[in-house]
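Hi there,

Here is the structure I promised to pass along. Have a look at it first, and then read on for what turned up.

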Amino acid sequence: MKKNTFTFILLLILGLVAGALVGQLLAPVPALSFLTKTVQLVWQPKADLLVLKYDLHIELKLSLISLLGLAASFWLYRKL
C-alpha cells in the first residue's frame, strides 16, 4: 500500500474515533475513569468583513484512551 498524506490523516482520524468509542464503552467502569475523563479544546474563529462573514466552531474532546487510539493508528501507519 502506498503511503501518502491522505492515508495518514485518515488513519489518525479513525484512531481518534476508535479510541473515543472505546472510551464511551468503558465509561461505566469506575476503575477505568482515568482513561475516559475528557478534556475539551474549543476554537471559535469569527470575522465580519462586510462582504464576507464567517463563524466556525471546532471542538475536540480528548481522553487518554483516544490518545492511545491515535498512537496505535500512527504505529499502524508506520508498519504499512
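**A glycine in the helix, a pocket and a patch**

G23 is part of helix α1. Please keep in mind throughout that this is a predicted model. The relative accessibility of G23 is 9%, below the 20% cut-off, so this glycine counts as buried. Along the chain, G23 and L62 are 39 residues apart, and 10.0 Å separates their C-alpha atoms.

L62 comes up again in the largest pocket, which holds about 270 Å³ of space. The pocket is lined by 14 residues, and those closest to its centre are L16, A20, K61, L62 and S66. Which element gives the most to this lining? That is α1, with 6 residues. Both α1, spanning 5-26, and β4, spanning 58-62, supply at least two residues each. Sorted by class, the lining has 7 nonpolar residues, 6 polar ones and 1 charged one.

Now to the surface. A nonpolar patch of about 930 Å² is built from W43, L49, L50, V51, L52, Y54, L56 and I58. Two of its members deserve a few words of their own.

The first one to look at is L50, found in the loop that joins β2 and β3. Its phi is positive, at about 70°, even though L50 is not a glycine. Is L50 buried or exposed? With a relative accessibility of 83%, over the 50% cut-off, L50 counts as exposed.

The other is V51, which sits in the loop between β2 (46-48) and β3 (53-55). V51 reaches 82% relative accessibility and therefore counts as exposed too, given that the cut-off is over 50%.

To put the pieces side by side: G23 in α1 is buried, whereas L50 and V51 are exposed and belong to the nonpolar patch.

Happy to go through any of this with you.

Best wishes

Notes:
Residues are numbered from 1 along each chain as its sequence is written. This is a predicted model: local features need pLDDT of at least 70, side-chain atom pairs count only at pLDDT 80 or more; totals for chains, interfaces and linings use all residues. Side-chain values use heavy atoms; hydrogens and water are left out. Patches are made of residues with over 30% relative accessible area and no salt bridge: like charges are joined within 9 Å, nonpolar side chains (Val, Leu, Ile, Met, Phe, Trp, Tyr) within 5 Å. Accessible areas come from the Shrake-Rupley method with a 1.4 Å probe; for residues, only the protein chains shown count as cover. A salt bridge is a side-chain nitrogen of Lys or Arg within 4 Å of a carboxyl oxygen of Asp or Glu. Helices (H or I, at least four residues) and strands (E, at least two) are DSSP runs, numbered from the N terminus. Buried means under 20% relative accessible area, exposed over 50%, partly exposed in between (1.4 Å probe, protein chains only). On a 1 Å grid over the protein atoms alone, a cavity is a set of points where a 1.4 Å probe fits but cannot get out, and a pocket is an open set with protein on both sides within 12 Å along at least five of seven lines; lining residues have an atom within 4 Å of a point. Grid points are joined across faces, edges and corners, and a volume is the space filled by probe spheres set on the points. Ala, Val, Leu, Ile, Met, Phe, Trp, Tyr, Cys and Pro count as nonpolar, Asp, Glu, Lys and Arg as charged, and the others, Gly among them, as polar.
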